[in-house]
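The exercises below are meant for a reader who is meeting this structure for the first time. Each one sets a task and then works through a solution step by step.

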Amino acid sequence: MTSFSLAGRTALVTGARRGIGAAIAAGYAAAGAELILMARDAALEDTLEEIKQYGGSASVVTADFADPSAVERAGVELASRKIDILVNNAGTIRRAPAAETSIDDWQHVIDVNLNSTWALTRPIGAAMARRGAGKIVTIASLLSFQGGITVPAYTASKHAVAGLTRALANEWGPAGVQVNAIAPGYISTDNTAELRANPAREAAIRERIPAGRWGRPEDIVGAAVFLASAASDYVNGHVLAVDGGWLAR
Ligand code: NAP
């Protein structure tokens, strides 16, 4: 299945220190890509080790996604390199009822999940469009479709990320750039640690998932490779749920 190969491609993955981003980076290395890992700081030993085990190589670029201007400066610099695949994975969540969500909490989540995604994607996607090829994969959420419980800023950011995915697909599709998103279901990472620490909440979520279990970061890798590879050249503007069937219920 050579159309799924990422050999000879350079992939930039944000938030690659842990969780879904680390799994995607390792999966891309296994599929043959060279990696650029973007993270808050350069301490990415575990991810780098895993990439090495797959015979891959990676460089590291640092930027704090709470500062979209800094991310944009990094993006403009990175756009001078030939980046074939961009994965917008870095993201955060703050759980609190709407009445108790401060404007600072709101701003932080919107900055990390939405504004920095935009700040990075604009220069790198524009460079892809000028070259006439590229793959952009953004990590959306079930809360790109649903309201969620006590995560208003997160839900707003992930709805916006789905809209941005479609808007950029329309604009850059004619130039040979595919822009798609993955909407992971409930995945066991630090993002959902609070939910899993509450036995009633954990069980309620698990029992609603047709697959009968929480997802693992590795569950996202196949879709991420597909959307980064030639196999998805005629897929554009799609938000692909990888959720054990949650949305079908
Ligand atoms: P995670 O384990 O908490 O990982 C989040 C990643 O984002 C980390 O690598 C983290 O970097 C990075 N990040 C957070 N704030 C940052 C900042 N200010 N600057 C730079 N990087 C920052 O969670 P995850 O579940 O893997 O989340 C990855 C993506 O999947 C997110 O966009 C999340 O919204 C989305 N998602 C997750 C689930 C789920 O159930 N887990 C479901 C739907 C969507 P550090 O390691 O340096 O902190």
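**Exercise 1. The ligand and its surroundings**

Which residue has a polar backbone atom 2.8 Å from an oxygen atom of the ligand? Find this residue, and then describe how the protein surrounds the ligand.

Solution. Keep in mind from the start that this is a predicted model.

Step 1. The residue is Asn89, whose polar backbone atom lies 2.8 Å from an oxygen atom of the ligand.

Step 2. Turning from backbone to side chains, an N or O atom in the side chain of Arg17 is 2.7 Å from an oxygen atom of the ligand, and an N or O atom in the side chain of Lys158 is 2.9 Å from a ligand oxygen.

Step 3. Taken on its own, the ligand has 880 Å² of accessible area, and the protein covers 96% of it.

Step 4. The ligand is surrounded by 27 residues, of which the closest are Arg17, Arg18, Arg40, Tyr154 and Thr189.

**Exercise 2. The sheet**

In what order do the seven strands of the open sheet lie? Work out the order, and then name the strands at the edges.

Solution. Step 1. Reading across the open sheet, the order is β3-β2-β1-β4-β5-β6-β7, and the pairing is parallel.

Step 2. The edge strands are β3, residues 58-62, and β7, residues 239-242, each of which pairs on one side only.

Step 3. From one strand to the next, the twist averages 20°.

**Exercise 3. Strand β1 and its partners**

Is strand β1 mostly covered or mostly open? Examine its two faces, and then trace its bridges to the strands beside it.

Solution. Step 1. Strand β1 spans residues 10-14 and is mostly covered, since five of its five residues are buried.

Step 2. In a regular strand the side chains alternate between the two faces of the sheet, so each face should be examined separately.

Step 3. In β1, one side carries Thr10, Leu12 and Thr14 while the other carries Ala11 and Val13, and all of these residues are buried, which leaves both faces covered.

Step 4. Towards β2, residues 34-39, strand β1 runs parallel and is joined by five bridges; along this pairing Thr10 stands opposite Glu34, and Val13 stands opposite Leu37.

Step 5. Between β1 and β2 the chain passes through helix α1, residues 19-30, and this β-α-β crossover is right-handed.

Step 6. Towards β4, residues 85-88, strand β1 again runs parallel, here with three bridges; Ala11 has Ile85 as its bridge partner, and Leu12 stands opposite Leu86.

**Exercise 4. From β4 to β5**

How many bridges join β4 to β5? Describe the faces of β4 before following the chain onward.

Solution. Step 1. From β4, Ile85 and Val87 point one way and Leu86 and Asn88 point the other way, and all of them are buried.

Step 2. Four bridges join β4 to β5, and the two strands run parallel; the bridge partner of Val87 in β5 is Val137.

Step 3. Together with helix α4, residues 103-131, the strands β4 and β5 make a right-handed β-α-β unit.

**Exercise 5. Three single residues**

Is Ile139 buried or exposed? Answer this first, and then locate Thr150 and Leu168.

Solution. Step 1. Ile139 belongs to strand β5, residues 134-139, and it counts as buried because its relative accessible area is 6%, below the 20% limit.

Step 2. Although Ile139 and Ala224 are 85 residues apart in sequence, their C-alpha atoms are 9.4 Å apart in space.

Step 3. Thr150 is found in the loop between β5 and α5, and its relative accessible area of 34% makes it partly exposed.

Step 4. Most residues other than glycine have a negative phi. Thr150, however, has a positive phi, near 55°.

Step 5. Leu168 has its place in helix α5, where a relative accessible area of 7% makes Leu168 buried; its C-alpha atom is separated by 21 Å from that of Tyr154, which is 14 residues away along the chain.

Note on methods
Residues numbered from 1 in each chain as written. Predicted model: local features only at pLDDT ≥ 70, side-chain atom pairs only at ≥ 80, totals over all residues. Heavy atoms only, no water. Buried < 20%, exposed > 50% of the residue type's maximum accessible area, 1.4 Å probe, protein only. Pairing = 2+ DSSP bridges. Right-handed = clockwise from strand over helix to strand, strands pointing away. Near = heavy atom within 4 Å. Polar contact = N/O pair within 3.5 Å; in protein donor to acceptor, adjacent residues only side chain to side chain. Areas by Shrake-Rupley, 256 points an atom, 1.4 Å probe, with all protein chains shown as cover. Axes fitted to C-alpha atoms, helices over the stretch in contact; angles between N-to-C directions.
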